[in-house]
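Trainee: I should like a close look at a single part, namely the pockets and the helices that belong to their surroundings. Please give the cut-offs behind each term as it arises.

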Amino acid sequence: MYRFLLSRQWVITTLVGLALIPAMIQLGFWQFHRHEHRVARNDQIARSLSADPVPVTELAAPGRTVARDAVWRTVTASGTYDPQGEVVVRMRTDGDGNQGYFVLTPLVMADGRAVLVNRGWVPAGGDLTKFPDVPAAPTGKVTVTGRLRADETTASGIKNTAGLPPRQVMLINSEQRAEELKRPLLGGYVELTEAPGKDQPRPVGAPDHSSIGPHMAYAVQWWLFAAFVPVGWFILVRRERRDRAAAAAAAAADAEVGEPATAAPDAEVARTAPSSE
């Protein structure tokens, strides 16, 4: 009754099921690793935000990538803003999802080096080809406090569009800005945590490090799908066997009903034959 498993249809079905099981298990582990990465990222952000502030020069240097465990650390920097090197970063949103710009201004320190400072968000104007109305940076020597961020690259999904209007960029990248400014810039940038005055760009909000996302739920779903494949295959096999058995029984019953009547014995024929007298 199980010879039907050798048919072409059932061989293909079985092979597809065998291929789906490891694929679904692998997809489950992929989502599980994403969950682990998200949890580790949240822990790292929490540790960095709770750490005591340190001078930015302790964690960043020209031409050096910001270490992963240093990202989001609270840092301080002292110097003078360079308004001539100020640019705006396009296609950035505030906490409410409104479109606008980040204001990126170099802060020149006493030793001649500079660090990029994201002073905050300003709304986009009606004409995106013009430099927006940006509040002037504080003058004189200032000390800023903010979160240390790593340079942005196209790997983050941001397209570095060419041919932008003057003083507008797509990425916050210290290497690119250093080439434009002809000045050594510390790697990464500082994201201000509070505005120095009322009429200043709106500070960028703190990162969300409490949500773990749906990755663990997706992992469990994929593993359940993998477990359902052999169960479903077994149910289909049993149903096929039952249907075939029912069809065979029906065919046998139809064959019995359709058989012709058998001939009578010779004695019965003789008894029923008419007499010759």
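Mentor: What follows takes the two pockets in turn, each with the helix that contributes to its lining. The model is predicted, with pLDDT of at least 70 needed for local features and 80 or more for side-chain atom pairs, while totals for chains, interfaces and linings use all residues. Residues are numbered from 1 along each chain as its sequence is written, and side-chain values use heavy atoms, with hydrogens and water left out.

A pocket is an open set of points on a 1 Å grid over the protein atoms alone, where a 1.4 Å probe fits, with protein on both sides within 12 Å along at least five of seven lines; lining residues have an atom within 4 Å of a point. The largest pocket has a volume of about 620 Å³, volume being the space filled by probe spheres set on the points, which are joined across faces, edges and corners. It is lined by 16 residues, and His-37, Arg-41, Arg-68, Val-71 and Trp-72 are the closest to its centre. Helix H1 (residues 8-50) supplies the largest share of this lining, five residues; helices (H or I, at least four residues) and strands (E, at least two) are DSSP runs, numbered from the N terminus. By class, the lining holds six nonpolar, four polar and six charged residues (Ala, Val, Leu, Ile, Met, Phe, Trp, Tyr, Cys and Pro are nonpolar; Asp, Glu, Lys and Arg charged; the others, Gly among them, polar).

The second largest pocket encloses about 320 Å³. Among its 18 lining residues, Gln-168, Val-169, Gln-176, Arg-177 and Glu-180 are the closest to the centre. Strand E7 (168-169) and helix H2 (174-181) are the elements that give two or more residues to this lining, and H2 gives the largest share, three residues. The lining comprises six nonpolar, eight polar and four charged residues. At the start of H2, a side-chain oxygen of Asn-173 comes to within 3.1 Å of the backbone nitrogen of Glu-175. Lys-182, which follows H2, has a positive phi, near 55°.

Note on methods: Polar contact = N/O pair within 3.5 Å; in protein donor to acceptor, adjacent residues only side chain to side chain.
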